[in-house]
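Hi,

Here is the structure I wanted to hand over to you. Have a look at it first, and then read on for my notes.

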Amino acid sequence: MEDTASDYENSFYREKGKYKGVFSWLMSTDHKRIGIQYLAAILTFFSIGVMLGLLVRLSLIAPGKILSQNTYNQVFSVHGILMIFLFIIPGVPVAFGNFFLPIMIGARDVAFPRLNRLTWWLYLTGAVLVALSLFTKGGPPDTGWTFYAPYSIRAQANITLAVFGVFVLGFSSILTGLNFVTTIHRLRAPGMTWFKVPLFVWTLYATGWVQMLATPVLAITLVFIILGRVFGVGFFDPSKGGDPILYEHLFWTYSHPAVYIMVLPAMGIISEVIPVFARKTIFGYKAVAFSALGIASVGYFVWGHHMFTSGMSDTARIIFSFITFLVAVPSGIKIFNWVATLYKGSIMPNAPIYFALTFIFLFSIGGLTGLIIGSLAPNLHLHGTYFIVAHFHYVMFGGAGFAILSALHYWFPKMFGKMYNEKAAKAGWFILFVGFNLLYFSMFILGYRGMPRRYFDYPPEYFNLHLASTIGSWILAAGLAVILVNLIRALFKGPRAPADPWGGRSLEWTIASPPPAENFRELPVIK
Amino acid sequence: MEINAEQRDRTGAKYGMWFFLFTEILFFGGMFILYSVYRAKYAQDFHAAAAEENLLLGSINTAVLLSSSLSIALSISALKKGDYRLSVRLQTATILMGLAFLVIKYFEWTAKIAKGIYPDSPVLLKMSGGEILFFGLYYVMTGVHGLHVLIGVVVIAFMVYFTRTGDITSENFSKLENTGLYWHFVDIVWIYLFPLFYLIT
């Protein structure tokens with residue numbers, strides 16, 4: 001271990017570069033600075049997204065009293081666009097991946113540092129474009145985050161700008177994936193063979209491929225929407241010979257693999273946290289690593305399950321349903337291995353493992369309900385209901401969201417060199433957990449009873465469950481507030497963190513907290 | 001150690017370029033999928049609409065673009081042998097051929113627009129669904145391809161500049177090599193576009 005006092009002076013926060021003030025961040029090519037900026041950005045958009053979500057829930061206990069129908073459509077659309085494209089898709093890779101990938105493989109930076117900075121600028125540009133679409137002529141998009149044609153081509157709202165913003169964000173995502181995959185191929189420290197890299201790196205590798213191979217399809221689909229709106233090219237317009245179903249196919253060809261962009265690196269975080277806090281090595285390292293690649297590759301061939309009711313042949317539906325079941329196998333392998341790692345471990349009950357265990361619980365509910373809607377007969381009943389909304393919030397928020405919170409608590413001491421208050425973190429976790437289940441489990445029942453998603457109003461028999469769900473949203477928001485305030489407070493008032501507070505084994509724990517400018521004085525050699 | 005780092009960098013840059021080209025294939029793939037679906041659905045209409053294309057100009061453009069791929073490949077070989085002047089000349093030739101391609105494309109487009117055939121035009125909307133889609137795909141696919149040619153021309157112009165300033169040398173040529181890869185990709189896309197739009201009548 002190096003001398004922490006002098007290292008603190010050497011931390012990358014203190015590094016003197018060419019630029020001063022805010023430009024020392026915006027112009028930086030240091031993967032850690034870029035990671036911290038991304039983290040701040042995604043948490044900001046997450047917070048805005050939460051507020052919009054609260055507004056949607058609030059409107060649903062008194063339809064018409066708080067939001068008008070049109071505003072309601074805009075609010076849930078913007079909630080979706082922010083949460084999907086600005087928070088959870090970039091999410092783990094851009095924030096934690098940027099900060100920790102080079103350190104974990106024993107490198108000084110990513111393969112293309114300037115390209116990395118470009119992705120950050122593109123992300124900012126995309127965010128600004130989406131924000132502009134809210135306040136310019138036509139108003140915020142009201143299409144839902146999926147921009148389904150032909151409505152998205154005919155709607156009055158300023159969809160062109162929002163869609164262009166998402167296009168730019170996609171470009172940023174592609175370049176991040178490209179950068180990470182190249183980095184993992186080229187910059188592993190001497191002796192770090194493929195089966196010695198940490199599992200988080202494996203999941204970033206699988207995610208990088210999905211980013212490269214799926215996002216371009218979204219990009220061209222969005223270009224079609226823009227061309228349809230601006231030049232009247234009618235690829236999805238039946239009156240011009242086009243076929244709207246093709247839009248759905250192209251959109252989900254990207255957007256289903258995108259689900260794995262969101263959740264794979266989250267699984268990587270869990271695979272890091274669990275062995276450290278169970279005081280054991282991971283059970284079945286290779287199985288966990290290969291299951292990430294398995295999920296990434298099988299995930300390309302399941303998009304049809306979003307369209308079971310859109311019009312497809314029976315053969316196609318049966319095949320898509322079958323492949324959907326196949327994805328559950330590698331996911332199950334991961335869950336099995338995490339639980340096996342915990343078995344007979346000497347578990348340290350700190351905040352990160354609370355979030356990690358909750359991930360396993362909530363993600364399992366999300367995953368198993370995914371099988372219900374992945375089979376054809378129940379899908380016909382549940383398609384387009386709150387059951388779907390509950391399912392993907394359990395997977396996205398209960399899965400990826402809780403993994404991000406776990407990562408925040410796990411790596412916070414390393415990223416900022418400060419410790420947070422453990423009790424407040426756990427209190428926040430408890431409130432969040434209660435609120436989460438009240439909010440989203442009510443939606444499973446609502447959906448099962450036939451409440452359609454995205455509807456502004458509903459018959460009175462659904463009121464009680466809607467009320468429960470809305471109360472859950474307030475509890476959830478309170479939990480999030482406790483967690484975030486606790487972390488922000490720790491930034492300013494927290495005690496200094498040691499280099500390795502948890503007894504972690506991967507390379508980031510061998511260097512000072514916060515890490516020095518070029519990570520390693522001498523590149524580590526792995527035996 | 002220093003040489004090692006340099007070599008590692010060069011291979012890494014090539015990885016990055018190839019990955020980028022994969023993403024480009026998928027980007028164009030979205031358009032080719034639309035083309036195949038609509039071609040299967042409206043085979044007759046596509047057949048009829050393709051008669052509108054100018055086969056002579058399309059063939060000339062194919063020849064121009066294929067030759068430009070040769071000249072960029074030769075410019076890399078010239079550079080590796082240390083003949084910087086020849087390399088610059090060949091790169092400039094590539095730029096000129098790229099521009100020639102775009103000029104010919106411009107005449108093709110304006111000829112069609114003069115006839116009133118462009119997206120959402122009254123003439124086009126009177127045609128059958130398949131023909132509308134054919135011309136929509138024609139404008140979008142050759143348009144996006146043309147944009148890639150234009151970007152390529154700009155990038156090669158930078159390469160000419162870098163070769164003159166000595167940023168690209170016979171030892172350090174990965175920039176030019178990767179530009180060459182990109183240019184070949186643009187060429188290959190055209191190899192598919194040409195038969196799909198000009199030769200299917």
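**Backbone oddities in chain A**

Let me start with P514(A), which sits in the segment after α17 (463–493) of chain A. The peptide bond leading into P514(A) from S513(A) is cis, and its omega is near -10 degrees. Bear in mind that this is a predicted model, so none of the values here come from an experiment.

Chain A has another cis bond worth a click, running from A149(A) to P150(A) with omega near 0 degrees. P150(A) belongs to the loop between α6 (113–135) and α7 (151–154).

Two arginines also caught my eye. R279(A) isn't a glycine, yet its phi is positive, at about 55 degrees. You'll find R279(A) in the loop that links α10 (244–278) to α11 (285–298), and its relative accessibility of 40% makes it partly exposed. R454(A) is a similar story: phi is near 70 degrees, again positive in a residue other than glycine. R454(A) is in the loop between α16 (422–448) and α17 of chain A, and with 29% relative accessibility it also counts as partly exposed. Why flag these at all? Most residues other than glycine have a negative phi, and most peptide bonds are trans.

**Chain A as a whole**

What is chain A built from? It has 17 helices and zero strands. A compact globule of 527 residues would have a radius of gyration near 24 Å, and chain A agrees with that at 23 Å. Along the principal axes, its C-alpha atoms take up a box of roughly 70 × 50 × 45 Å. Of the 527 residues, 62% are buried. If you take contacts between residues at least 6 apart in sequence, 83% of them in chain A connect residues at least 24 apart.

On the surface side, chain A has about 19,400 Å² accessible, with 69% of that belonging to carbon and sulfur atoms. As for charges, I get 37 positive and 20 negative side chains, with the centres of the two sets 2 Å apart.

For a single helix to check, try α4 of chain A (residues 69–88). Its 20 residues should span 28 Å at 1.5 Å a residue, and the end C-alpha atoms are 27 Å apart, which agrees. This helix is mostly covered, with 16 of the 20 residues buried.

**Chain B**

Chain B comes out with seven helices and zero strands. Its C-alpha atoms fill a box of roughly 65 × 30 × 25 Å along the principal axes, and 49% of its 201 residues are buried. About 9,500 Å² of chain B is exposed, 68% of it supplied by carbon and sulfur atoms. There are 15 positive and 15 negative side chains, and the centres of those sets lie 4 Å apart.

Helix α4 of chain B (residues 84–114) holds A111(B) and also S87(B). Is S87(B) buried or exposed? It counts as buried, at 0% relative accessibility. Apart from neighbours within four places in sequence, S87(B) is in contact with S75(B), A78(B), L79(B) and L176(B). A111(B), for its part, is partly exposed at 43% relative accessibility. From A111(B) to T165(B) is 54 residues in sequence and 42 Å in space, C-alpha to C-alpha.

Over to you!

Definitions and conventions
Residues numbered from 1 in each chain as written. Chains lettered and ligands numbered in written order. Predicted model: local features only at pLDDT ≥ 70, side-chain atom pairs only at ≥ 80, totals over all residues. Heavy atoms only, no water. Helix = DSSP H or I, 4+ residues; strand = E, 2+ residues; numbered from the N terminus. Rg over C-alpha atoms; globule rule 2.2 N^0.38 Å. Buried < 20%, exposed > 50% of the residue type's maximum accessible area, 1.4 Å probe, protein only. Contact = heavy atoms within 4.5 Å. Areas by Shrake-Rupley, 256 points an atom, 1.4 Å probe, with all protein chains shown as cover. Lys, Arg positive; Asp, Glu negative; His and termini not counted. Charge placed at Lys NZ, Arg CZ, Asp CG, Glu CD. Expected span 1.5 Å × (residues − 1).
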